[in-house]
Each structure stands twice: as C-alpha cells, then as structure tokens.
Amino acid sequence: MDQAYDDAALARIFRDEYGRVVASLARRFGDLDIAEEAAGEALVVAVEKWAADGIPPNPGGWLTTTAGNKALDRLRRESLRDAKHQAALMITDDTPPEPTGPVEDDRLRLVFTCCHPALPPEARVALTLRLLGGLTVPEIARAFFVAEPAMGQRITRAKAKIKAAHIPFKVPAVADLPARLDAVLAVVYLVFNEGYLAGEGDSPTRVDLSDEAIRLARILRQLLPREPEVAGLLALLLLTDARRASRFAGGELVPLSEQDRAGWDRSLIEEGHALVRECLATNRPGRYQILAAINAVHTDAARAADTDWLQVLALYDQLQRIDPGPVVALNRAVAVAEVDGPDVALAIVDRLPLTTYHAWHATRAELLRRVGRSAEAREEYDAAVAATGNAAEQAYLTRRRRQLV
Amino acid sequence: MTQYLMSVHGTEADHDMTTGGGYGSPEAMREAMAETDRYNKRLQAEGYWVFAGGLKGPSTATVVDGQGAQPVVTDGPYLESKEHIGGFWIIEAPDLDTALALAADASKACRGKVEVRPFEG
C-alpha cells in the first residue's frame with residue numbers, strides 16, 4: 001500500500017488522472033464516448049478495490065490498464081451483439097503500455113481536440129474541464145451557473161460533432177500551432193477569470209475555477225515547456241491568484257493600490273517572477289507574457305507608492321501594439337494617469353467605445369474624481385454600479401461614491 | 001476517410017454574368033472562376049476530389065413534394081431566404097483539419113465563405 005485510502009485522496013487521484021486515462025483511451029480506441037465510459041467504469045472498480053487493498057503505487061497506470069480492459073470488454077460485447085461490429089472482434093490489446101514519464105502526447109492531443117475552433121467557445125471550456133480536468137457535468141454546470149441538463153447537452157453535442165465531423169485527435173501542424181494554441185490558452189484564461197471575477201459568496205460545493213485553471217495551465221506548461229506564451233499564461237495566473245486573499249475585505253472589493261501586501265502569497269509570486277524572467281530570456285513576447293510582466297511589476301513593489309509605473313506603461317505600450325483593442329487601451333490609461341496625470345488619461349478613456357463595460361465607468365469615475373469633477377464622477381459611479389453584477393465591487397464603488405466631496 | 005460537403009452561398013445577383021454580381025465586376029467574376037478552376041485541378045491532383053459544381057441562380061430552382069397522392073410542384077427555391085447555395089464541392093479527407101485547410105483555399109479562390117459539413121457514414 002503506497003498511500004492511505006480516504007475519500008479525499010481518491011477524489012484527488014481521480015481528478016488528476018482522469019484526463020490522462022481518457023486521453024490514452026481516446027487515442028487507442030479513437031472514440032471519446034468509449035474512453036469516457038471505460039474511464040468511469042475503472043473508477044468504480046477502483047473505489048471497491050482500493051478500499052480493500054489500498055491505493056496502488058501507480059494509480060494512473062492502474063486506472064489506464066483497467067479502463068483499457070473495460071473498453072475492450074465493451075467492444076467485444078457489442079461486436080457479438082451486432083454483426084456490423086464484427087471487425088471489433090479483431091481488436092486486441094497490442095498497444096505498448098503508456099509511458100507515464102514526461103511523454104504526454106495523448107493529453108496534449110486531447111487539449112487540442114477539446115479546444116478545436118470548430119466547436120463553440122462555451123463547449124470548448126466545458127469539454128476541457130470535463131475531459132482533461134476530470135470535473136463532473138454537475139460540477140461544471142454549477143461553476144458556470146448553467147442548468148445541469150443544458151450543460152450535459154452542450155458537452156454531448158460537442159462530442160457528437162467531434163465524432164461526426166472527424167475532428168482529429170492530434171497536435172496541430174507547426175504552421176497552425178500558434179493560432180490553435182491561442183484557442184487553448186484562451187479557454188484556460190476564461191476558466192480562471194470566471195472563477196476570479198465571481199468573487200465572494202461561492203457556495204461550498206462550487207468548484208474553484210481559478211484553481212482548476214492554474215492546474216490546467218500547469219499541465220500545459222508540462223506538455224509544452226518551450227512555448228513562452230504557456231509560461232506567460234501560467235505566470236499571469238499565479239501572480240493574479242497570489243493576491244486573492246487581499247482582494248476582498250468585509251464583503252468589499254479592495255483595489256490593488258489599497259491591498260494589504262503582506263497578505264499576498266509570496267511563493268506564488270516567486271514562482272510567477274521566475275517564469276516571467278524565463279520569458280524575458282526567451283524573448284518571444286506575446287500577450288500573456290506581457291500581462292504577466294505587468295503583474296510582475298506590481299507584485300515587485302513593496303508598497304503601492306513604489307510601483308514602477310513607467311515600466312507598467314512601457315509594457316502596456318507593447319501590449320497595445322499586439323492587441324490594439326479598447327480594453328487594453330482602458331487598462332493602459334490607468335498607467336497613463338500615474339505617469340502623465342489623470343487629465344491625460346481621462347482624454348484617452350473618453351474616446352473608448354466601452355460604455356456598456358463596468359470597468360470603463362469605474363475607471364472614468366476615478367479619473368473624474370482626481371481632476372475634481374465630482375458631479376460627473378458621482379454619475380459615473382452610479383453607472384459602474386449598475387453595470388456590474390458583482391456585489392463586492394458594487395460595495396466598493398458605492399463607498400467611493402459616498403466619499404466624494 | 002470522411003466525405004465533406006463544402007458549400008458556398010450567395011444571392012441571385014451573384015449569378016449575373018453581366019454585372020459580375022457580388023464579385024464587383026464581370027472581370028473579377030472571371031478571375032474568381034479561373035482561380036476556382038485551378039483550385040479544382042489541385043484537388044484532383046492531390047486526391048481529395050469527389051465532385052464539384054456551380055449552380056445556376058436560385059430563381060431557376062423548382063421544389064417538388066411527392067409525399068401526397070399527386071406530386072406538388074412549386075416554383076422557386078426551398079428556403080425562403082435571400083441567400084442560397086451557389087455551388088459546392090464534395091471532397092474526401094482524413095479529418096476535419098484537412099478539410100478546413102482545403103476549405104480555406106476554396107474560400108480564397110471563389111471569394112466567398114465556405115461551409116464544411118461531413119456526410120453520414
């Protein structure tokens with residue numbers, strides 16, 4: 001017996017190994033449904049067997065072998081029932097055992113299948129969490145506040161399209177890799193933000209999406225160690241998550257400038273900084289790397305007043321060249337306010353077509369306050385409160401509005 | 001191998017040789033057709049080709065309902081839409097990624113968006 005048997009250990013193993021088992025079976029049998037069902041059956045067997053015998057030394061290998069046998073059993077049963085599947089009788093277990101070492105091709109193939117551009121974005125997120133992250137359909141449904149049958153249907157439809165349209169189970173060609181990887185990173189970033197922006201008041205049963213996203217980013221980092229954008233995304237998530245505990249106080253959002261920096265997670269920050277240094281050395285900048293570098297500058301400052309805003313602004317200038325969208329321009333304007341003054345920043349913000357975006361109103365309200373246009377600032381705080389659904393942010397904005405003179 | 005339908009949609013006006021329809025000019029239309037011909041030859045040379053063809057305008061379509069005792073014949077296309085299928089390819093490819101790459105080139109050649117859809121079986 002290698003590890004103590006308890007429900008928590010079991011749940012952790014299942015979640016960690018699920019993606020590996022499904023990926024391996026999907027490659028071997030070319031069918032996600034067979035892979036998933038067999039993986040599910042193997043988990044049932046594991047619950048019974050491990051309770052009696054303890055957890056085996058290589059639980060992932062054990063689950064993959066057991067699931068592989070279950071899949072073969074099923075194919076044989078079905079082929080006996082249905083003459084159309086006679087060919088399946090020929091299937092024998094002749095594939096070499098999967099290496100459990102650094103070669104992780106199957107999981108990498110699975111990520112690209114789950115995040116294929118031919119699937120709708122919301123289905124990519126759900127499939128990735130289900131197949132790679134090992135979350136259950138009810139867990140994913142709860143996390144995204146979607147009814148369980150609807151989430152189940154979303155996943156089923158996506159799997160049916162993968163099968164019908166022959167979306168391949170392979171790592172894209174080198175020429176397509178940057179664009180395809182971008183779609184994968186976007187899914188992970190979206191999962192993180194979904195968890196991060198939701199803020200407080202989560203029900204205890206709700207899966208923490210930020211943790212899941214970091215786990216997915218770590219898997220990607222392991223699978224694609226030489227892709228700087230993968231390192232950049234992981235660094236960005238770690239440096240953002242490091243501030244999680246300080247982001248809320250008494251049900252109210254605490255902005256970066258007012259956060260208790262002693263409450264930041266130093267080990268996450270150090271890990272994030274190391275990744276950012278690695279990205280700088282690689283010198284193939286991209287969106288996530290620049291965002292990570294901006295967060296590295298913030299987490300480098302012992303006090304808010306020590307922030308190197310010139311550096312932050314230079315990074316935003318670089319980001320804007322890659323991504324000239326209005327949201328980047330809005331965030332850049334916050335740095336402009338620190339370097340060139342709030343009036344210069346306000347002139348930029350006023351031109352941005354983001355009138356339905358709560359952060360635009362909130363940023364504008366702060367800038368109006370700083371240039372002394374209190375009446376307009378008050379209106380902007382009201383607009384920001386109306387545009388956000390997050391109670392902690394509403395509480396913060398309401399307090400800021402009250403403090404206007 | 002899977003067979004995929006790659007279809008292109010457009011309006012009645014796109015079929016007008018005298019104006020060049022959605023292509024802008026008769027000249028641009030001829031260019032697109034020449035490029036599509038070259039693309040088709042490539043599909044044949046590379047072994048993806050099953051069939052392809054351009055259709056006459058939707059106003060030339062007729063709908064037949066043969067489910068009743070007597071067939072009912074109606075003038076015009078089946079869908080009540082401004083845009084109708086204008087042409088299509090049937091290709092055979094190992095997977096969707098290959099089909100999507102071929103569709104991207106098809107789209108460039110014919111100057112239109114291409115819908116890719118797998119056949120049953």
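Begin with chain A of this predicted model: among its contacts between residues at least 6 apart in sequence, 61% join residues at least 24 apart. With chain A still selected and coloured by secondary structure, the viewer should show 18 helices and two strands, and of the 405 residues in this chain, buried ones make up 41%.

**Helix α11 of chain A**

Next, select residues 266-282 of chain A, which form helix α11. This helix has 17 residues, and from its first C-alpha to its last it reaches 24 Å, close to the 24 Å expected at 1.5 Å a residue. Now show the side chains of Leu268(A), Ile269(A), Gly272(A), Leu275(A), Val276(A) and Cys279(A), with the C-alpha atom standing in for the glycine, since these are the positions in α11(A) that are buried. They lie on the same side of α11(A), because the arc they cover around the axis is only 125°.

To find what that side meets, add residues 228-241 and 287-300 of chain A to the selection: these are α10 and α12, and the buried residues of α11(A) pack against both of them. Then turn the view to the face of α11(A) that points away from its buried side, where the exposed residues Arg266(A), Ser267(A) and Ala281(A) are carried. Before leaving this part of chain A, step one position past the end of the helix to Asn283(A), which follows α11(A) and has a positive phi, near 55°.

**Chain B as a whole**

Hide chain A for the moment and select chain B, whose C-alpha trace spans about 45 × 40 × 20 Å along its principal axes. Chain B has two helices and six strands, and if you follow the backbone from the N terminus on, you will pass through its elements in the order β-α-β-β-β-β-α-β. Buried residues account for 26% of the 121 residues in this chain, and of its contacts between residues at least 6 apart in sequence, 66% join residues at least 24 apart.

**The four-stranded sheet**

Colour the strands of chain B separately and look for the open sheet, in which four strands are arranged antiparallel in the order β2-β5-β1-β6. Its edges are β2 (49-54) and β6 (114-118) of chain B, each of which pairs on one side only. Looking across the sheet, you will find neighbouring strands turned by 20° against each other on average, with direction ignored.

For a closer view of one pairing, select residues 2-10 of chain B, which make up strand β1, together with β6(B): the two run antiparallel and are joined by five bridges. Within this pair, centre on Tyr4(B), which stands opposite Pro118(B) of β6(B).

**The hairpin of chain B**

Move on to residues 62-65 and 72-75 of chain B, the strands β3 and β4, which run antiparallel and are joined by four bridges. Here Val63(B) has Thr74(B), in β4(B), as its bridge partner. The connection from β3(B) to β4(B) is a hairpin, and six residues lead from one strand to the other.

**Where the chains meet**

Finally, bring chain A back into view beside chain B. How many residues does each chain give to the contact? Chain B contributes five residues and chain A contributes seven. On the side of chain B that touches chain A, the residues divide into two nonpolar, one polar and two charged, so colouring by residue type is a suitable last view.

Technical notes. Residues are numbered from 1 along each chain as its sequence is written. Chains are lettered from A and ligands numbered from 1 in the order in which they are written. This is a predicted model: local features need pLDDT of at least 70, side-chain atom pairs count only at pLDDT 80 or more; totals for chains, interfaces and linings use all residues. A residue is buried if 20 or more other C-beta atoms lie within 10 Å of its own, exposed if 12 or fewer, and partly exposed in between; C-beta atoms are placed from the backbone. Two residues are in contact if their C-beta atoms, placed from the backbone, lie within 7 Å. The expected span of a helix is 1.5 Å times one less than its number of residues. The arc is that of the directions from the helix axis to the C-beta atoms. Two strands pair if DSSP finds at least two bridges between them. Axes are lines fitted to C-alpha atoms, for helices over the stretch in contact, and angles run from 0 to 180 degrees between N-to-C directions.
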